[in-house]
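The following exercises concern strand pairing and helix packing. Please work through each task before reading its solution.

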Amino acid sequence: MRTEPCIRRKKKLKQQNTIKMSMKIRDILAVGLRGVTPEGGWSEDILEEDCIHTLVAVHTDEGLTGFGSVYTNDALVRAALGVLEPLYRGENALEPERVSEKLRQSMFWMGRGGSIEHTISGIDIALWDILGKATGQPVGRLLGGRYRERVMPYASLLMEEPGRLAEHLLYLKAQGFRAFKMGWGPFGRESHALDEAIVRAARDAIGPDDLLTVDAGGSDAFWPNGYKWALRTSYMLADYDVAWFEEPLKPDALRDYVMLRQASPVHISGGEVLTRRQSFQPWLEAGAFDIVQPDVTKVGGISESRRIAWMAQDHGVRMIPHGWNTAVGLATDLQLASAFPETDLVEYLTGSPYVDALSVGGWRLDADGMLAIPDAPGLGVTLDMDAVAKYTGGEVWS
């Protein structure tokens, strides 16, 4: 008499597992964020309609939705989705790495990297979000386990003249930040004396104990400086205990990066413009970086970021993700930081409503200047749809 209920329970569990195993991608929609895009140093002439961040939503036939973020204009993302649609529609939403690799392998004729890969990044992030929600686990645990429950964010801001920069840093320090990255602006573009004045003002403002890093922005259009400038500047930065020198050279100057890393007294970082794990391989094998900085919203998503992190680990290089993105991108970086032992920092784009306002409850630093890594299923972030609508001109996902 006890056998029949047991059989019914097993049958019910089997049916539930079958439903989860057959969750299919029904549709993928994209919305662009506009109106309050943070100043980033790029030319206004090419910043089409003030949109550089796009959110994607992957809808499934079981009603479960995952969210991703793409560091690309929404027109490009929608065009890429149109190309990719025959490949992803009806695919198993619970197999992010396989589905993303299918999309990537099928797109060689459209160019390996670029807007197609950026869009795959958002899809991949959203599929990991779905997998986490379906299994009731945070993404970091699905990646193999959580090494930490919180991580230090470094406040990311543009350089200004020394007085204004010091005021900005003091404001951020009062908000609880204990690590800072300043970049672009006039640095490397006017004079060595101004460069040093900026760094000196920053170190004086935050004090001797807080972490300070410098991003030259060598991926800027027509970056004027080369190896000798970067080497001289690295010695100046060492005098102010700068933790790393980011993008000091043009993004394709592999040989110069290798020489600079060998000669520089401070750590050299870069890689944010690269996409696909194969693009990172020659840089890591040549010893170009002390710290590699893939951007999960461009590089191919969580799946590619994980492979790059493994590769970096094998070459004695730290992986600290580039994070000039959105609340979804930050949540993704937090999950990645939980899954790799040496990823003990994440970038926090300061002053951006796309980071601060899009998630329900926002983000809070603890007394040590750390961010808790969400342990809720998936990415662990809940989007505020009213805020999404505000920054998309009323456009939301159905």
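The exercises below refer to this predicted model.

**Exercise 1.** Determine the strand order of the sheet and identify its edge strands.

*Solution.* Begin with the pairing: 3 strands form an open sheet, ordered β1-β2-β3, and they pair in antiparallel fashion. Next, look for strands that pair on one side only; these edge strands are β1 (25–33) and β3 (65–70). Finally, consider the twist: on average, neighbouring strands of this sheet are turned by 20° against each other, direction ignored.

**Exercise 2.** State how many bridges join β1 to β2, and which residue of β2 stands opposite Ala30.

*Solution.* Strand β2 spans residues 53–60, and 8 bridges join β1 to this antiparallel partner. Within β2, Val56 is the residue opposite Ala30.

**Exercise 3.** Describe how helices α2 and α4 are placed relative to the strands.

*Solution.* Helix α2 (residues 74–88) packs on the sheet and touches β1, β2 and β3. The direction of α2 makes about 175° with that of β1. Helix α4 (residues 114–135) also lies across β1, β2 and β3, and runs at about 150° to β3.

**Exercise 4.** Classify the packing of α8 and α9 and analyse the contact.

*Solution.* Helix α8 (residues 227–238) packs against helix α9 (residues 254–263) at an angle of about 25°, their axes lying 10 Å apart. Angles under 35 degrees count as roughly parallel, so α8 is roughly parallel to α9. The crossing of the two helices is right-handed. From α8, Tyr227, Ala230, Leu231 and Tyr235 make the contact, and from α9, Asp256, Met259, Leu260 and Ala263. By class, these contact residues comprise 7 nonpolar, no polar and 1 charged.

How values were computed. Residues are numbered from 1 along each chain as its sequence is written. This is a predicted model: local features need pLDDT of at least 70, side-chain atom pairs count only at pLDDT 80 or more; totals for chains, interfaces and linings use all residues. Side-chain values use heavy atoms; hydrogens and water are left out. Two strands pair if DSSP finds at least two bridges between them. Helices (H or I, at least four residues) and strands (E, at least two) are DSSP runs, numbered from the N terminus. Axes are lines fitted to C-alpha atoms, for helices over the stretch in contact, and angles run from 0 to 180 degrees between N-to-C directions. Contact means heavy atoms within 4.5 Å. Angles under 35 degrees count as roughly parallel, over 145 as roughly antiparallel, 65 to 115 as roughly perpendicular and the rest as oblique. A crossing is left-handed if the near helix is turned anticlockwise from the far one by less than a right angle, and right-handed if clockwise. Ala, Val, Leu, Ile, Met, Phe, Trp, Tyr, Cys and Pro count as nonpolar, Asp, Glu, Lys and Arg as charged, and the others, Gly among them, as polar.
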